[in-house]
Amino acid sequence: MTKVSAVIVTYNRLHMLKESIAALQSVKPKLSHIIVIDNNSEGDTKNYLESLGDSIDYVRLPENVGGAGGFNAGIRYFYEHTSDDYVWVMDDDTIVHQDTLEPMIKFINSGSEFSFLSSNVMFTDGKPSVRNVLRQYGTYRTTLNTQFTHPVKIENGTFVSVLFPRPIVAQIGLPITDFFIWIDDLEYTERALRVAPGYLLPDSVVTHKMRSNTEDDITNDIEKRLPWYFNMYRNRVYTIKKRAFYRRVRGNAKIYWDFLRLRFGQSDNKQKRIGIMKKGIAAGKKFDPVIEFPKDSK
């Protein structure tokens, strides 16, 4: 029997977390473990999670280490504290459906080699999530411009709903805590792709309960979120350096396009935004974080 652990990372979004956990508890086939990584949320989250008792594995971190650190802790816990075969990773605003896991199990049972399986991520209105675009490997076909009807190889995945086999975790290690926020999922799934293909499963549908189905970026995001874009560009530059030539060129072109839109667009606080972007890019060129491995994985 295939055993699957689900990992949720949360931080002060109790209303979303309750719905996410309830959805996971209804999944078929039943999950072996629901591991909740709490990035040192306020007391209401702590009290709620403790009230669930043994129905979840509750891991409260001593400080907020960002989404990247939370997923590092969650996948580590899966590997070191369970004997489950697969880890299914998601944010606390991911709402799975009762049958979301079934296509993953079917693909596993087909015997095809893979490093990860990604769900088909939709917004609350049933349209594709623009923040979780997945591209078919080696093409320009994406989940925004194509309605895929069968599993396809993809270039990377997101931590909204992605499943990894235990041996892949052993081989590639854990997400990079130093990323803190953004790009950690792209880097981790691209690292996995160096071992085996990753697939989008169109029938494995989840709902991503974002505040809106729009793509915020450094040109239009609100001011209080701007400091995070240092991490965005630092982490992106690091990740691009690891890619093959064609995808490296394409990734660098995307960064240059962001700069042009910012430089000649109508953003407020334009010089502040440009400064953050430049600092992130410069830091990414020197960034060399350590990749950690769970215990007994080598």
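Buried means under 20% relative accessible area. All views show a predicted model.

**View 1. A salt bridge joins Asp 93 and Arg 13**. Asp 93 has a relative accessible area of 6%, so it is buried. Arg 13 is partly exposed, at 32% relative accessibility. Their side chains meet with N to O at 3.5 Å. The two residues lie 80 residues apart and link distant parts of the chain. Asp 93 sits in the loop between strand E4 (86–91) and strand E5 (94–96). Arg 13 sits in the loop between strand E1 (4–10) and helix H1 (14–25). The count of salt bridges in the model comes to 21.

**View 2. Arg 261 and Asp 217 form a salt bridge**. The closest N and O atoms are 2.8 Å apart. Arg 261 belongs to helix H8, and Asp 217 to the loop between strand E9 (198–208) and H7, so the pair ties together parts 44 residues apart in sequence. Arg 261 counts as partly exposed at 26% relative accessibility. Asp 217 counts as buried at 16%.

**View 3. Lys 272 meets Glu 223 in a salt bridge**. The N to O distance is 3.2 Å. Lys 272 is in helix H9 (residues 270–286), and Glu 223 is in the loop between E9 and H7. They are 49 residues apart, and the pair links distant parts of the chain. Both ends are partly exposed: Lys 272 at 39% relative accessibility, Glu 223 with a relative accessible area of 42%.

**View 4. Helix H6 (residues 184–193) is largely enclosed by the rest of the structure**. This follows because 9 of its 10 residues are buried. Among them are Asp 184, Leu 186, Tyr 188, Glu 190 and Ala 192. The cover over these buried residues includes helices H3 (66–81), H5 (166–172), H7 (228–241) and H8 (245–264). Strands E6 (116–122) and E8 (162–165) also contribute to the cover.

**View 5. Salt bridges form a network that includes Glu 190**. Its other members are Arg 135, Glu 155, Arg 243, Arg 247 and Arg 250. Glu 190 is one of the buried residues of H6.

**View 6. The second largest pocket has a volume of about 220 Å³**. Its lining has 14 residues. Closest to the centre are Tyr 137, Glu 190, Leu 193, Arg 194 and Arg 247. The lining divides into 6 nonpolar, 1 polar and 7 charged residues. Glu 190 and Arg 247 also belong to the salt-bridge network.

**View 7. Ring pairs link five named residues into a cluster: Phe 71, Phe 116, Phe 159, Phe 164 and Tyr 188**. Tyr 188 is a buried residue of H6. The count of aromatic pairs in the model comes to 13. Phe 159 and Phe 164 have ring centres 6.5 Å apart and planes at 80°, so they pair edge-to-face. Phe 159 is buried, with a relative accessible area of 2%. Phe 164 is buried too, at 0% relative accessibility.

**View 8. The rings of Phe 179 and Phe 287 form a tilted pair**. Their centres lie 5.8 Å apart and their planes at 35°. Phe 179 is in the loop between H5 and H6, and Phe 287 is in the segment after H9, so the pair ties together parts 108 residues apart in sequence. Phe 179 counts as buried at 0% relative accessibility. Phe 287 is buried, with a relative accessible area of 13%.

Methods:
Residues are numbered from 1 along each chain as its sequence is written. This is a predicted model: local features need pLDDT of at least 70, side-chain atom pairs count only at pLDDT 80 or more; totals for chains, interfaces and linings use all residues. Side-chain values use heavy atoms; hydrogens and water are left out. Buried means under 20% relative accessible area, exposed over 50%, partly exposed in between (1.4 Å probe, protein chains only). Helices (H or I, at least four residues) and strands (E, at least two) are DSSP runs, numbered from the N terminus. Contact means heavy atoms within 4.5 Å. A salt bridge is a side-chain nitrogen of Lys or Arg within 4 Å of a carboxyl oxygen of Asp or Glu. On a 1 Å grid over the protein atoms alone, a cavity is a set of points where a 1.4 Å probe fits but cannot get out, and a pocket is an open set with protein on both sides within 12 Å along at least five of seven lines; lining residues have an atom within 4 Å of a point. Grid points are joined across faces, edges and corners, and a volume is the space filled by probe spheres set on the points. Ala, Val, Leu, Ile, Met, Phe, Trp, Tyr, Cys and Pro count as nonpolar, Asp, Glu, Lys and Arg as charged, and the others, Gly among them, as polar. Rings of Phe, Tyr and Trp (its six-membered ring) pair if their centres lie within 6.5 Å; planes under 30 degrees apart count as stacked, over 60 as edge-to-face and the rest as tilted.
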